[in-house]
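Opening the notebook on this one. I want to go through it piece by piece and jot down what I look up.

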Amino acid sequence: IKKAFIFDLDGVIVDTAKYHFLAWKKIANELDIDFTLEHNELLKGVSRVRSLDIILDIGKIEASQADKNKWLIQKNEDYLSYLVDMNQSEVLPGVMPILNYLKEQNQLIALGSASKNARPILEKTGTLSFFDAIVDGNDVTNAKPDPEVFLIAAQLLGAKPEDSIVFEDSVAGIQAANIGGMLSIGIGDKETLHEAQYIFNDFNEIDTIFIDELIRKK
Ligand code: G16
Ligand code: MG
């Protein structure tokens with residue numbers, strides 16, 4: 001039996017949320033916006049363009065498109081500077097054993113991320129070769145909670161939505177999986193991700209018995 005295992009990137013495979021935060025924080029500071037870690041939760045799984053709009057909303061700032069474009073470029077350049085030295089040590093706890101186990105079991109693996117920087121991050125962390133399909137922010141028009149990113153991933157793997165399992169750390173991503181008719185597994189806080197069918201703090205809590213059950217599940 002083959003199932004499609006679809007992984008979100010930021011917050012599921014790697015802890016890049018902290019770098020997104022640092023880069024956004026710098027812009028917020030320049031604009032005198034008090035941007036907190038709590039605000040940052042709102043940006044998880046959300047596109048770059050939408051993230052900036054959310055930050056400007058927090059600061060009640062209206063900006064021209066030219067300024068917005070400038071800040072978007074600035075944010076990404078700053079974000080990329082944090083990724084220069086990234087390596088496998090930044091893969092989140094428990095992820096590598098699960099990827100290895102899924103490969104051993106001949107399961108299908110895809111990435112479903114909102115990020116336009118997904119490929120270089122997978123390369124740097126030595127995880128690229130695990131993925132049979134990659135769908136990222138360059139491939140989709142509708143952002144999570146729209147299921148587009150996961151539906152394309154399943155399609156590329158040749159799997160039906162009901163045979164697909166999504167790992168997500170964002171509320172929007174869990175909703176996207178649910179709307180797409182896939183099994184949703186939340187990685188993170190139980191209360192925040194309560195819409196997920198299963199929730200774990202991290203991949204260390206997921207064992208091979210659970211994965212076997214997912215593979216055999218009808
Ligand atoms: C990620 C992050 C978001 C980020 C988005 C776009 O999504 O969770 O915070 O704004 O990608 O990233 P970039 O600026 O690199 O294109 P995901 O879906 O991987 O969690
Ligand atoms: Mg995420």
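**Entry 1: Leu83**

I began with Leu83, which sits in helix α4, residues 65–83. Before going on, a reminder to myself that this is a predicted model.

Is Leu83 buried, exposed or partly exposed? I count 16 C-beta neighbours inside 10 Å, so Leu83 goes down as partly exposed; buried would take 20 or more, exposed 12 or fewer.

Next I looked up its long-range partners. Leaving out anything within four places in sequence, I get contacts from Leu83 to Tyr19, Ile121 and Lys124. For the Tyr19 pair I also took the C-alpha to C-alpha distance: Leu83 and Tyr19 are 8.1 Å apart in space, with their positions 64 residues apart in sequence.

**Entry 2: the annotated residues**

I pulled the UniProt record next. Its unreviewed entry puts a "binding site" feature at Asp8, Asp10, Glu168 and Asp169. These positions span 162 residues in sequence, but no two of their C-alpha atoms are more than 9.0 Å apart, so I note them as gathering at one spot. The unreviewed entry also carries an "active site" annotation, and that covers Asp8 and Asp10.

I took Asp8 on its own. I find Asp8 in the loop between β1 (4–7) and α1 (17–30). With 28 C-beta neighbours inside 10 Å, Asp8 is buried, because the cut-off is 20 or more. Skipping residues up to four places away in sequence, Asp8 touches Gly112, Ser113, Phe167, Glu168, Asp169 and Gly173. So two of the residues in the "binding site" feature, Glu168 and Asp169, turn up in that contact list.

Asp10 came next, and I place it in the loop between β1 and α1. Asp10 has 24 C-beta neighbours inside 10 Å and so counts as buried. Beyond four places in sequence, I list Thr16, Ala17, His20, Ser113 and Ser115 as the contacts of Asp10.

Then Glu168, which I find in strand β4, residues 164–168. Is Glu168 buried or exposed? Buried, because I count 29 C-beta neighbours inside 10 Å for Glu168. Its contacts outside the four-place window are Asp8, Val12, Gly173, Ile174, Ala177, Ser184, Gly186 and Ile187.

**Entry 3: ligand 1**

Which residues come closest to ligand 1? I get 20 residues around ligand 1, the closest being Leu9, Asp10, Ser113, Ala114 and Ser115. By class, the shell around ligand 1 splits into 11 polar, 5 charged and 4 nonpolar residues. Asp10, from the annotated set, is on that closest list.

**Entry 4: the sheet**

I traced an open sheet of 6 strands with parallel pairing, in the order β3-β2-β1-β4-β5-β6. Its edge strands are β3 (133–135) and β6 (198–200), each pairing on one side only. On average, neighbouring strands in this sheet are turned by 20° against each other, direction ignored.

I zoomed in on one pair: β4 and β5 (residues 183–187) run parallel and share 4 bridges. Within the pair, Val166 stands opposite Ser184 in β5. Ser184 was also among the contacts of Glu168.

**Entry 5: backbone oddities**

Background for this check: most residues other than glycine have a negative phi, and most peptide bonds are trans. I went looking for exceptions.

Where is there a cis peptide bond? I found one from Lys144 to Pro145, with omega near 15°. Pro145 lies in the loop between β3 and α7 (148–157).

On phi, Asp32 came up with a positive value near 60°, and it is not a glycine. I find Asp32 in the loop between α1 and α2 (37–41). Asp32 has 8 C-beta neighbours inside 10 Å, so I log it as exposed.

Asn106 is another non-glycine with positive phi, about 55°. Asn106 belongs to the loop between α5 (95–104) and β2 (108–112). With 9 C-beta neighbours inside 10 Å, Asn106 counts as exposed.

How values were computed:
Residues numbered from 1 in each chain as written. Chains lettered and ligands numbered in written order. Predicted model: local features only at pLDDT ≥ 70, side-chain atom pairs only at ≥ 80, totals over all residues. UniProt positions renumbered as here; feature names shortened; annotations may be inferred. Helix = DSSP H or I, 4+ residues; strand = E, 2+ residues; numbered from the N terminus. Contact = placed C-beta atoms within 7 Å. Near = placed C-beta within 6 Å. Nonpolar A, V, L, I, M, F, W, Y, C, P; charged D, E, K, R; others polar. Pairing = 2+ DSSP bridges. Axes fitted to C-alpha atoms, helices over the stretch in contact; angles between N-to-C directions.
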